[in-house]
Amino acid sequence: MSENSKPTSESRSAMMQLIFPSDTNYHGTMFGGKVMEYMDKIAAIASMRHARGPVVTASTDSLDFVAPIRVGDMIDVEAFVTWTHRSSMEVYVKAETENVYTGDRKTAVTAFFSFVALDEDGKPKPVASIIPETEEEWALHRSAPARYELRMQRKRDRIDNK
């Protein structure tokens with residue numbers, strides 16, 4: 001491992017929450033915005049652990065709700081940095097539900113977040129590259145440059161359409 005590289009495990013972060021009625025909508029499922037809040041928080045923590053400094057959210061993409069989260073479920077929200085580019089970091093976030101009585105788990109939401117590391121003046125600062133350690137991390141790392149290019153194209157399209 002070079003001085004400018006860090007293993008994915010150094011950024012891996014997780015949080016668990018029990019879902020209460022106040023966290024849900026009239027269908028008895030968790031508010032999407034509340035899930036997004038938890039995902040953004042854990043993604044920020046993973047980014048800060050990688051950058052060892054302040055970060056800001058730059059984008060969120062591929063936010064996919066694949067299963068409902070219900071009252072009484074526990075959610076386990078996990079994040080890790082998958083790839084870096086100069087001062088930016090791509091973070092994969094997955095929220096899984098668990099029935100605490102049966103132990104049954106399923107993926108509920110997945111997303112990719114992008115963060116930018118900041119120096120003491122609030123300007124972008126370089127970050128270390130990533131060294132994947134698991135098959136999942138390698139797969140996400142290999143596919144990250146294509147997602148980065150799509151993000152940059154979306155950004156260029158928004159600027160061109162102003």
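I began with the cut-off for burial: a residue counts as buried when its relative accessible area is under 20%. The model I am reading is a predicted one.

**Thr84**

I looked up Thr84 against that cut-off. Its relative accessible area is 12%, so Thr84 is buried. I placed Thr84 in strand S4, which covers residues 74-85. I then checked what its side chain reaches, and found the backbone oxygen of Ala128 at 3.2 Å. I listed its contacts next, leaving aside neighbours within four places in sequence: His50, Met89, Val127, Ala128, Ser129 and Ile130. Of these, His50 is among the buried residues of H1.

**Arg86, Ser62 and Arg52**

I went on to the loop between S4 and S5, where Arg86 lies. Arg86 has a positive phi of about 50° and is not a glycine. With a relative accessible area of 65%, Arg86 is exposed.

I noted Ser62 for its backbone as well: its phi is positive, about 55°, and Ser62 is not a glycine. Ser62 sits in strand S3, residues 55-65. I have it down as partly exposed, because its relative accessible area is 39%.

Arg52 comes just after H1 and takes a positive phi of about 50°.

**Nonpolar core**

I asked which residues have the most contacts inside the largest nonpolar core, and wrote down Val77, Val91 and Val93. The core has 29 residues. Helix H1 (32-51), S4, strand S5 (88-98) and strand S6 (105-117) are the elements that give two or more residues to this core. H1 supplies the largest share, eight residues. As general background, nonpolar side chains in soluble globular proteins tend to be buried together.

I took Val77 and listed what it touches, not counting residues up to four places away in sequence. The list for Val77 reads Ser13, Ala14, Met15, Tyr38, Met39, Ile42, Val93, Lys94 and Ala95. Tyr38, Met39 and Ile42 are also among the buried residues of H1.

**Helix H1**

I compared the length of H1 with expectation. At 1.5 Å a residue, its 20 residues should span 28 Å, and the end C-alpha atoms are 28 Å apart, so the two agree. I also wrote out the buried residues in H1: Val35, Tyr38, Met39, Ile42, Ala43, Ala44, Ala46, Ser47, His50 and Ala51.

**Aromatic rings**

I counted four aromatic pairs. In one of them, the ring centres of Tyr92 and Phe112 are 5.3 Å apart and the planes meet at 50°, so I entered the pair as tilted. This pair links distant parts of the chain, with Tyr92 in strand S5 and Phe112 in strand S6, 20 residues apart. Both Tyr92 and Phe112 are buried. I found that Phe80, Tyr92 and Phe112 form one aromatic cluster.

I then asked what lies over the face of Phe112, and found Arg147, at 4.0 Å from the ring centre.

**Ser143**

I finished with helix H2, residues 135-160, where Ser143 lies. Is Ser143 buried or partly exposed? Its relative accessibility is 28%, so I entered Ser143 as partly exposed. A polar atom of the Ser143 side chain lies 3.0 Å from the backbone oxygen of Ala139. I also compared Ser143 with Thr82: they are 61 residues apart in sequence, and their C-alpha atoms are 9.5 Å apart in space.

Terms used: Residues numbered from 1 in each chain as written. Predicted model: local features only at pLDDT ≥ 70, side-chain atom pairs only at ≥ 80, totals over all residues. Heavy atoms only, no water. Helix = DSSP H or I, 4+ residues; strand = E, 2+ residues; numbered from the N terminus. Buried < 20%, exposed > 50% of the residue type's maximum accessible area, 1.4 Å probe, protein only. Polar contact = N/O pair within 3.5 Å; in protein donor to acceptor, adjacent residues only side chain to side chain. Contact = heavy atoms within 4.5 Å. Core = buried A, V, L, I, M, F, W, Y, C linked by side-chain atoms within 4.5 Å. Expected span 1.5 Å × (residues − 1). Phe/Tyr/Trp six-rings, centres within 6.5 Å; stacked < 30°, edge-to-face > 60°. Lys NZ or Arg CZ within 6 Å of the ring centre and 35° of its normal.
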